[in-house]
Amino acid sequence: MARHHLINGIKVAFTAEEETAWDNAETAWGNGALSRAQANLREKRNRKLAETDFYALSDVTMSDEMKKYRQDLRDLPDGKDTVEKCDNATFPTKP
């Protein structure tokens, strides 16, 4: 099916070059899905780590449960090698 775009309100079919460029862009976007999912997972993980950073200050004693929670967060991205695994990652429960 030919793609179209509007130019001055007129429906104009893509040229062969535009079709190729569009297909290449779609392929590139699809190929980057895993990288985007991993980045999203790391971003969420980093926010949760930041919420507990004050426990790591030298004048605060961190409980073993909090140490485990923070380590579990740091380990979370390990083995997430598909978009589905990233999207379905289970975050540990904050003590």
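Start by selecting Asn8, in the loop between β1 (4–7) and β2 (10–13). This is a predicted model. Asn8 is exposed, at 78% relative accessible area. Check the backbone there: phi is near 55°, a positive value in a residue other than glycine.

**The Arg3 network**

Next, select Arg3. Arg3 is partly exposed, with a relative accessible area of 23%. Show Glu19 with Arg3: the two form a salt bridge, and their closest N and O atoms are 2.6 Å apart. This pair links distant parts of the chain, with Arg3 in the segment before β1 and Glu19 in helix α1 (residues 16–31), 16 residues apart. Glu19 counts as buried, at 18% relative accessibility.

Now add Glu26. Glu26 meets Arg3 in a salt bridge at 3.4 Å, N to O. Here too the pair links distant parts of the chain, 23 residues apart, with Glu26 in helix α1. Glu26 is partly exposed, at 44% relative accessibility.

**Along α3**

Move to Lys68 and Asp72. They form a salt bridge with closest N and O atoms 2.8 Å apart. Both lie in helix α3, four residues apart, so about one helical turn separates them. Asp72 is partly exposed, with 27% relative accessible area. Go back to the earlier group and add Asp23: salt bridges that share partners join Arg3, Glu19, Asp23 and Glu26 into one network. The whole structure has seven salt bridges.

**Two buried charges**

Which side chain of opposite charge is nearest to buried Arg45? Select Arg45 in helix α2 (residues 33–51), then Asp78. Asp78 is the nearest, at 7.0 Å, and Arg45 has no salt bridge. The Arg45 side chain instead reaches the backbone oxygen of Arg74 at 3.4 Å. Beyond four places in sequence, Arg45 touches Leu73, Arg74, Pro77 and Phe91.

Keep Asp78 on screen and select Lys80, in the loop between α3 (64–75) and α4 (83–87). Lys80 is also buried without a salt bridge, and Asp78, its nearest side chain of opposite charge, is 8.0 Å away. Show the backbone oxygen of Leu76: a polar atom of the Lys80 side chain lies 3.0 Å from that oxygen. Contacts of Lys80 beyond four places in sequence include Leu34, Gln38 and Leu41, along with Lys85, Cys86 and Ala89.

**Last stop: the surface**

Finish with Phe54, Leu57 and Val60. They form a nonpolar surface patch, with about 260 Å² of accessible area together. Val60 sits in the loop between α2 and α3 and is partly exposed, at 32% relative accessible area.

Notes: Residues numbered from 1 in each chain as written. Predicted model: local features only at pLDDT ≥ 70, side-chain atom pairs only at ≥ 80, totals over all residues. Heavy atoms only, no water. Helix = DSSP H or I, 4+ residues; strand = E, 2+ residues; numbered from the N terminus. Buried < 20%, exposed > 50% of the residue type's maximum accessible area, 1.4 Å probe, protein only. Lys, Arg positive; Asp, Glu negative; His and termini not counted. Salt bridge = Lys/Arg side-chain N within 4 Å of Asp/Glu carboxyl O. Polar contact = N/O pair within 3.5 Å; in protein donor to acceptor, adjacent residues only side chain to side chain. Contact = heavy atoms within 4.5 Å. Patch = residues over 30% accessible without salt bridge, like charges linked within 9 Å, V, L, I, M, F, W, Y side chains within 5 Å. Areas by Shrake-Rupley, 256 points an atom, 1.4 Å probe, with all protein chains shown as cover.
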